[in-house]
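This report examines selected helices, loops and single residues of one protein chain. The sequence and the coordinates are displayed first, and the description comes after them.

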Amino acid sequence: MKPTLVILAAGMASRYGSMKQVEAFGPSGETIMDYSIADAIKAGFGKIVFLIRKQFEANFRELFASKLDGKVNYEFAFQELDMFLDGAEIPAERTKPWGTGHAVLSTQTVVDEPFAVINADDFYGADAFKKAYTFLTTGVDEKTYAVVGYNIMNTLSDHGTVNRGVCGLDAKGNLQSVVERYNIAANGEVVVSDDGLEPRELPKDTTVSMNFWCFHPSIYEWYAVQFKEFIKEYLNVPKSEFLIPAVVDHFIKEGGVVKVIKTDAPWFGVTYKEDAPAVQKQLNDLIGKGEYSNNLWG
């Protein structure tokens, strides 16, 4: 059974200021998602699942139908605020989705096979998809998942701070913990996380998660149980988020293994509007090297 790629595209992109997931960055109007999808198809993935808000379904169908029809199976799943609340009332102050963990849980009705999860607005590189496909077809099971790890120096922005999931590794190189660190930026020769936690300075060889996860469908049971616990405690906290790493941490503490798949593939993203020209340049450089064509779907 070929693995599925789940693309998380339901966020509001508050820092960016627009719906960056569908903004054109490639020379023929390609979104960053287009490159991820093309890399996934080439690697061998059999289905694409777009996790979006229901109100954007028509936009996504218009954008991707002509590109993907006949090339790969694809489906839509929807993340809405009232899902999985077991009758609890949504607080009036809550306007944003419940987070990436809730997003993954929202895809359970359309995913029955091993799957990878990525962000819509991040470029991960072809090598990452090749290695993820290999793991999902040869190494994943109910007790073994994986995360693709990037060097922190390759994930920073020149235009503001970023948040990153800092990976702690055990003696075997497997994931031991993921700690979300905030307000990360290069400060001269060091990397600093200005979030009040220790250590403030992070080593340059720190491995971080860019939200590229590889799961067995058994993970959905973990998400369902943990989201119920989250809602009990954080329902009335307006900006609370149920994040993927929280579920993964619990899985590890209960004896699960999460492999760390390190990749040398280039990573870049669009946290801020000012990042857009750099993203376009990096894509053009890769096209110039022959890694992608001027028109992915032409």
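The following sections treat two helices, a helix pair, several loop residues and the cysteines.

## Helix 5 and its surroundings

The model is a predicted one. Helix 5 comprises the 16 residues 219-234; at 1.5 Å a residue these should span 22 Å, and the end C-alpha atoms are indeed 22 Å apart, so expectation and model agree. The buried residues of this helix are Ile219, Tyr220, Tyr223, Gln226, Phe227, Phe230 and Ile231. They lie on the same side of helix 5, because the arc they cover around the axis is only 145°. Glu221, Lys232 and Glu233, on the other side of helix 5, are exposed.

Which elements do the buried residues of helix 5 pack against? Two of the partners are helices, namely helix 3 (100-105) and helix 6 (244-253). The others are strand 4 (115-119), strand 6 (144-151) and strand 11 (207-215).

## The pair formed by helices 5 and 6

Two packed helices are described by the angle between their axes and by the distance between those axes. For helix 5 and helix 6 the angle is about 110°, and the axes are 10 Å apart. Since angles of 65 to 115 degrees count as roughly perpendicular, helix 5 is roughly perpendicular to helix 6. On the side of helix 5, the contact is made by Ile219, Trp222, Tyr223 and Gln226. Helix 6 contributes Ile244, Val247, His250 and Phe251. Ile219, Tyr223 and Gln226 of helix 5 are also among its buried residues.

## Helix 2

Helix 2 has 12 residues, 57-68, with an expected span of 16 Å at 1.5 Å a residue; its end C-alpha atoms are 15 Å apart, which agrees. Buried positions in helix 2 are Glu57, Phe60, Phe64, Lys67 and Leu68. Seen down the axis of helix 2, these residues fall within an arc of 115°, so they line one face of the helix. Ala58, Glu62 and Ser66 are exposed on the other side of helix 2. The cover over the buried residues of helix 2 includes helix 1 (32-43), strand 2 (47-52) and strand 3. Just after helix 2, Gly70 adopts a positive phi of about 85°.

## Backbone features in loops

Two residues that are not glycines have a positive phi: Phe84, at about 65°, and Asp86, at about 55°. Phe84 is located in the loop between strand 3 (73-78) and helix 3, and Asp86 is likewise placed between strand 3 and helix 3. Are these positions buried or exposed? Phe84 is partly exposed, with a relative accessible area of 27%, whereas Asp86 is exposed at 64%.

A further backbone feature is the peptide bond from Glu198 to Pro199, which is cis, with omega near -5°. Pro199 belongs to the loop between strand 9 (190-193) and strand 10 (201-202).

## Asn174 and Gly139

Asn174 sits in the loop between strand 7 (162-169) and strand 8 (175-187). Its relative accessibility is 12%, so Asn174 counts as buried. Apart from neighbours within four places in sequence, Asn174 is in contact with Gly168 and Leu169, and also with Val257, Val258, Lys259 and Val260.

Gly139 is part of the loop between helix 4 (126-138) and strand 6. With 28% relative accessibility, Gly139 counts as partly exposed. When residues up to four places away in sequence are not counted, Gly139 touches Thr134 and Thr144. Gly139 and Gly29 are 110 residues apart in sequence, and their C-alpha atoms are 36 Å apart in space.

## Cysteines

How many disulfides does the model contain? The count is 0. Cys167 is in no disulfide, and the nearest cysteine sulfur, that of Cys214, is 13 Å away. Cys214 is likewise in no disulfide, with the sulfur of Cys167 as its nearest cysteine sulfur. Because a disulfide requires sulfur atoms within 2.5 Å, this separation of 13 Å does not meet the criterion. The burial of both residues is tabulated below.

| Residue | Relative accessibility | Class |
|---|---|---|
| Cys167 | 9% | buried |
| Cys214 | 0% | buried |

How values were computed:
Residues are numbered from 1 along each chain as its sequence is written. This is a predicted model: local features need pLDDT of at least 70, side-chain atom pairs count only at pLDDT 80 or more; totals for chains, interfaces and linings use all residues. Side-chain values use heavy atoms; hydrogens and water are left out. Helices (H or I, at least four residues) and strands (E, at least two) are DSSP runs, numbered from the N terminus. The expected span of a helix is 1.5 Å times one less than its number of residues. Buried means under 20% relative accessible area, exposed over 50%, partly exposed in between (1.4 Å probe, protein chains only). The arc is that of the directions from the helix axis to the C-beta atoms. Contact means heavy atoms within 4.5 Å. Axes are lines fitted to C-alpha atoms, for helices over the stretch in contact, and angles run from 0 to 180 degrees between N-to-C directions. Angles under 35 degrees count as roughly parallel, over 145 as roughly antiparallel, 65 to 115 as roughly perpendicular and the rest as oblique.
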